[in-house]
Amino acid sequence: MREPETAAWVNPLRDERDRRLPRIAGPCALVIFGVTGDLARRKLMPAVYDLANRGLLPPGFALVGFARRDWADEDFGQVVHDAVKANSRTKFREEVWNRLAEGIRFVQGSFDDDAAFAELASTLAELDKARGTGGNHAFYLSIPPNAFPVVSAQLKQSGLAIAREGTWSRVIIEKPFGHDLTSARELNRLVAEVFPEEAVFRIDHYLGKETVQNILALRFANQLFDPLWNAHYVDHVQITMAEDIGLGGRAGYYDGIGAARDVIQNHLLQLLAFIAMEEPISFDPAELRAEKIKVLSATRLAEPLDETTARGQYIAGWQNGGQVVGLHDEQGFAADSTTETYAAITCEIDTRRWAGVPFYLRTGKRLGRRVTEIAIVFKRAPHLPFDQTMTTELGQNALVIRVQPDEGVTLRFGSKVPGSSMEVRDVNMDFSYGQAFTESSPEAYERLILDVLLGVPSLFPVDDEVELSWKILDPVLERWAAHGKPEPYEAGTWGPSSADEVLRRSGREWRRP
């Protein structure tokens with residue numbers, strides 16, 4: 001059934017052409033499966049409160065938790081209250097909390113409990129009447145992927161997945177979206193049996209970050225960069241997501257998945273698509289997705305894989321002033337685990353704009369520092385009228401988009417050193433979100449949850465994007481599974497030596513952020 005066009009409350013005094021004013025979600029209820037998990041406590045519940053605090057949720061908004069705990073509504077309300085006070089971005093205000101708390105409900109049950117889903121349907125029907133949620137329901141599956149099929153089937157059986165005339169029903173799915181191409185296709189098939197594709201919102205929280213969305217503004221709102229954004233001027237692109245933490249206590253999730261599946265398949269390939277896509281006709285979701293799909297369809301792994309990819313496992317070392325243990329000494333990891341904590345791949349894009357430009361993607365745990373950045377590194381000038389002593393400290397021009405933690409953009413270029421001699425060295429021109437804007441950026445989950453409630457799918461990958469990403473990554477995963485073990489690297493360093501060799505073979509080197 002087609003969803004209604006009017007998903008959000010619209011101020012009748014507002015000029016629809018003025019997009020500076022925020023859109024406010026219309027009447028609705030959000031159901032969270034997995035409310036006892038870490039994600040729900042640290043991100044989802046605080047994001048809901050922050051949206052309410054910013055006036056972006058309707059007065060009758062309802063939040064429903066579903067879990068096996070023996071909780072009353074008041075118990076769940078206290079859990080939400082504690083999570084909000086500990087993790088919300090905006091200041092806690094009692095009047096906002098009291099209004100939000102009136103719409104909080106809890107349903108006890110397991111995912112295979114038919115009676116629990118019947119109770120959930122009854123609870124939502126009661127909220128439709130008491131809170132005016134209008135039959136509009138979003139279901140957030142903050143649960144392991146192997147539970148998706150049973151919960152989807154229960155939502156279908158209980159009638160909750162079916163939107164009545166003039167209402168909507170949407171499902172939000174957390175990554176990972178499958179384990180490989182085959183499992184991703186099967187997952188997409190199972191979800192499609194219950195929800196139409198336009199009602200499926202696959203969360204990639206990186207796409208909700210302000211700095212990721214700023215890629216579109218940087219590229220398409222500025223004439224300055226467009227003439228240089230191609231193989232004539234760009235030497236290569238590096239996309240890095242580095243973490244300085246280990247995997248203590250996460251063996252149950254991470255072992256058998258690894259860095260490539262956890263980060264490259266979704267976050268980094270989506271960043272690649274934003275950097276490499278052609279300009280869309282508009283920012284309409286369909287147009288934006290079409291351009292990303294074109295890029296991913298043209299993207300492939302550079303060959304041979306043994307020379308263009310690398311993987312590693314961290315071992316004990318020094319980090320942040322202290323000694324830390326290696327992966328095999330982390331709780332829950334077996335001594336013979338071959339799960340990689342570092343992964344690097346080289347991609348090529350077979351389009352006229354990017355032919356011959358390598359895209360280097362890397363991610364890892366226990367690296368030198370926590371940072372996510374995209375570096376567009378430009379070719380050297382074809383003629384330098386300087387002798388070598390004048391430019392010994394001059395590198396390549398680079399445009400660096402800092403996604404986290406110090407959000408902003410840096411432009412690196414050569415400048416003359418003050419003095420009587422001609423000496424050139426690198427300098428940085430820096431833009432920082434924290435210094436340029438007085439308002440702090442919303443958390444990614446704030447933006448994404450609001451977009452779900454509004455029915456705006458621009459920042460959510462569709463099934464084609466998910467499957468194309470697995471199609472790109474699967475060959476290297478198969479190669480790694482069949483050949484050897486990950487190379488060890490010390491905690492606090494920037495990964496295994498084989499990763500450095502990937503770039504050195506072509507006379508390049510990784511950035512050290």
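A residue counts as buried here when its relative accessible area is under 20%. The structure is a predicted model, and that cut-off is applied to its coordinates in what follows.

Helix α13 spans residues 444-454, and 10 of its 11 residues are buried, so the helix is mostly covered by the cut-off of under 20%. The buried set includes the charged positions E446 and D451. Also buried in α13 are A444, Y445, L448, I449, L450, V452, L453 and L454. After α13 comes G455, which has a positive phi near 80°.

A second place to look is H137, which lies in strand β6, residues 137-141. The relative accessible area of H137 is 6%, and H137 is therefore buried. The side chain of H137 has a polar partner in the side chain of D128, with 3.2 Å for this contact. D128 also appears among the residues that H137 touches once neighbours within four places in sequence are set aside; the others are A29, L124, W168, S169 and R170.

Another histidine, H267, sits in helix α9, which runs over residues 258-276. The UniProt record, an unreviewed entry, carries the annotation "active site" for H267. Is H267 buried or exposed? H267 is buried, because its relative accessibility of 2% falls under the 20% cut-off. The side chain of H267 makes a polar contact of 3.3 Å with the side chain of N266. With neighbours within four places in sequence left out, the contacts of H267 are K175, D204, H205, Y206, M241 and D262.

The helix that holds H267 also packs against another one. Two packed helices are described by the angle between their axes and the distance between the axes. For α9 and helix α14, residues 463-482, the axes come within 10 Å and cross at roughly 140°. This angle makes α9 oblique to α14, because only angles over 145 degrees count as roughly antiparallel. The crossing of the two helices, α9 and α14, is right-handed.

Which residues of α9 and α14 meet? On the α9 side they are A260, R261, I264, Q265, L269 and Q270. On the α14 side they are E465, V466, S469, W470, I472, L473, L477 and W480.

How values were computed:
Residues are numbered from 1 along each chain as its sequence is written. This is a predicted model: local features need pLDDT of at least 70, side-chain atom pairs count only at pLDDT 80 or more; totals for chains, interfaces and linings use all residues. Side-chain values use heavy atoms; hydrogens and water are left out. Helices (H or I, at least four residues) and strands (E, at least two) are DSSP runs, numbered from the N terminus. Buried means under 20% relative accessible area, exposed over 50%, partly exposed in between (1.4 Å probe, protein chains only). A polar contact is a pair of N or O atoms within 3.5 Å; within protein, one must be able to donate a hydrogen and the other to accept it, and residues adjacent in sequence count only if both atoms are side-chain atoms. Contact means heavy atoms within 4.5 Å. UniProt positions are given in the numbering used here, feature names are shortened, and annotations may be inferred rather than shown by experiment. Axes are lines fitted to C-alpha atoms, for helices over the stretch in contact, and angles run from 0 to 180 degrees between N-to-C directions. Angles under 35 degrees count as roughly parallel, over 145 as roughly antiparallel, 65 to 115 as roughly perpendicular and the rest as oblique. A crossing is left-handed if the near helix is turned anticlockwise from the far one by less than a right angle, and right-handed if clockwise.
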